[in-house]
Amino acid sequence: MSTMNSGLHCTISAEILHQLVEINFGNDTKVKEFGLLQGGLFNTTYRIQLEHTSYADVILRLAPERGEMVAGSASDPLFSFERTMMAAEPIVYEYYRKAGIPAPNIIACDDSGSIIPRTYMFMEFIPSKQLDHASISDIDKERLYHQLGVYTAIMHQIEGASFGWPQGDGTIKGSDHWSEVLHSFAAETALKAAQANYMSGVGEEIAAIFMKNKGLFDQVTRPVLVHNDLWEANVLVHQDGELNIAAIIDGDRSMFADREFEAILSTESVAFHEGYDRPLDSSAEGQARRLAYRILSSYFNAYVHEHQVNQPEDGQKYRQRTLDLLEQWKQYNKP
């Protein structure tokens with residue numbers, strides 16, 4: 001396998017691609033043509049045109065190779081939730097569909113590792129463009145952001161039995177206490193950063209925020225589904241009389257969390273918030289939680305861009321943002 005952009009994004013041979021098609025669509029199915037889609041740094045994605053099957057145009061997504069890794073070791077580039085998140089994606093989209101949120105149609109998902117040492121899935125191709133496409137007018141974008149706000153509010157009504165990460169079997173890996181999920185996530189990020197000698201001491205400082213302020217975070221008692229990676233590139237739109245949202249994609253990072261953990265809630269788009277139609281918690285506690293969420297998200301992104309997907313310029317941006325937000329936290333929490 002060849003590597004592109006990062007050690008996680010790995011192409012497969014044409015022979016393996018054809019083998020996966022035959023296994024999932026039948027021996028009579030023929031690959032008319034296929035191409036690697038650009039832009040991904042984590043999963044590897046192909047668009048494939050097929051013949052002699054009811055699915056003429058499909059997407060194949062492959063998670064990073066599993067390899068012979070020991071979870072939590074310095075040699076393991078993946079976070080614990082990343083090892084199971086693609087297998088949970090069909091579960092997430094089923095939540096979407098039941099709630100009326102447009103989602104991709106998953107044809108097959110294989111987490112067995114029996115053919116290749118990677119989770120992979122086939123889904124129907126959606127004729128569409130991303131919400132950040134240059135051809136979308138400002139007027140259309142405002143209306144689409146309003147739609148996105150409506151769908152996000154619906155998503156945040158989907159309740160889980162506990163806080164944490166959905167699993168492929170429908171369970172949730174996490175805790176009844178929101179503070180414990182946050183601390184575990186922060187501690188794992190700090191451990192990986194320490195193993196890479198990255199931002200010495202910062203991870204421990206961030207993890208301590210969630211340990212020392214358990215009561216603040218455990219004021220949140222209702223775990224709801226958040227997308228956790230909701231930005232314009234993960235919103236597909238299509239022409240249906242007028243432009244409308246065709247699907248919200250890349251839901252594999254979804255988790256059951258405080259609704260205000262959803263980063264897009266910090267957007268300044270008036271149309272989005274009109275569609276969302278739910279105010280943020282304006283109390284001192286609510287503002288403190290959101291600041292802590294931003295610190296954790298920025299720190300995670302700093303590590304990921306610097307050491308997981310080899311995007312050092314973005315890594316530096318998130319690194320500085322993390323330090324600035326940490327300073328805000330210290331000022332906010334002065335005695």
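Contact is taken here to mean heavy atoms within 4.5 Å. In the predicted model, Phe217 touches Trp178, Ser179, Leu182, Ile209, Phe210, Arg289, Ala292 and Tyr293, residues up to four places away in sequence being left out of the count. Three of the names in this neighbourhood recur in the description of the nonpolar interior: Trp178, Phe210 and Phe217, together with Ile206, touch the most other members of the largest nonpolar core, which comprises 45 residues. At least two residues of this core are supplied by each of strand 7 (163–166), helix 4 (178–195), helix 5 (202–212), helix 6 (214–217), strand 12 (255–257), helix 8 (284–308) and helix 9 (312–332). Helix 8 provides the largest share, with eleven residues. Another core, of 38 residues, lies apart from it and includes Ala63, Val92, Ile101 and Leu236. In soluble globular proteins, nonpolar side chains tend to be buried together.

An open sheet is formed by five strands in the order 1-2-3-5-4, with antiparallel pairing. Its edges are occupied by strand 1 (30–36) and strand 4 (106–110); each has a single partner strand, so one side of each is left without a neighbour in the sheet. On average, neighbouring strands of this sheet are turned by 20° against each other, direction ignored. Within the sheet, strand 2 (residues 44–51) and strand 3 (residues 57–62) run antiparallel and are joined by six bridges. Ile48 has Val58 as its bridge partner in strand 3. Helix 2 (residues 85–99) packs on the sheet, where it touches strand 3, strand 4 and strand 5 (120–124). The direction of helix 2 makes about 150° with that of strand 4.

Further antiparallel pairing involves strand 10 (residues 235–240), which is joined to strand 6 (residues 129–130) by two bridges. The bridge partner of Lys129 in strand 10 is Val237. Strand 10 also pairs with strand 11 in the antiparallel sense, over six bridges. Here Val237 has Ile245 as its bridge partner in strand 11. One residue separates the strands in the hairpin of strand 10 and strand 11, and Gly241 in this hairpin takes a positive phi near 80°.

Positive phi values also occur in residues other than glycine. For Asn197, phi is near 55°. Asn197 lies in the loop between helix 4 and helix 5 and is exposed, with a relative accessible area of 72%. For Asp250, phi is near 50°. Asp250 is placed in the loop between strand 11 (242–248) and strand 12, and counts as partly exposed at 24% relative accessibility.

Aromatic pairing gives a count of 22 pairs. In one of these, the ring centres of Phe81 and Phe300 are 6.1 Å apart and the planes stand at 45°, so the pair is tilted. The pair links distant parts of the chain, since Phe81 belongs to the loop between strand 3 and helix 2 and Phe300 to helix 8, 219 residues apart. Both residues are buried: Phe81 has a relative accessibility of 5%, and Phe300 has a relative accessible area of 9%. Phe81 and Phe300 also belong to a cluster linked by ring pairs, which contains Phe79, Trp165, Phe185, Tyr198 and Tyr303 as well.

The count of disulfides comes to zero. Cys10 takes part in no disulfide, and the nearest cysteine sulfur, that of Cys109, is 18 Å away. A disulfide requires cysteine sulfur atoms within 2.5 Å. The sulfur of Cys109 has its closest cysteine sulfur in Cys10, and the separation of 18 Å is therefore too far for a bond. The surroundings of the two cysteines are described by their accessibility: Cys10 is buried, with a relative accessible area of 5%, whereas Cys109 is partly exposed, with a relative accessible area of 33%.

Finally, Gln316 is located in helix 9 and counts as partly exposed at 43% relative accessibility. Gln316 and Gly215 are separated by 101 residues in sequence and by 32 Å in space, C-alpha to C-alpha.

Conventions: Residues numbered from 1 in each chain as written. Predicted model: local features only at pLDDT ≥ 70, side-chain atom pairs only at ≥ 80, totals over all residues. Heavy atoms only, no water. Buried < 20%, exposed > 50% of the residue type's maximum accessible area, 1.4 Å probe, protein only. Core = buried A, V, L, I, M, F, W, Y, C linked by side-chain atoms within 4.5 Å. Helix = DSSP H or I, 4+ residues; strand = E, 2+ residues; numbered from the N terminus. Pairing = 2+ DSSP bridges. Axes fitted to C-alpha atoms, helices over the stretch in contact; angles between N-to-C directions. Phe/Tyr/Trp six-rings, centres within 6.5 Å; stacked < 30°, edge-to-face > 60°.
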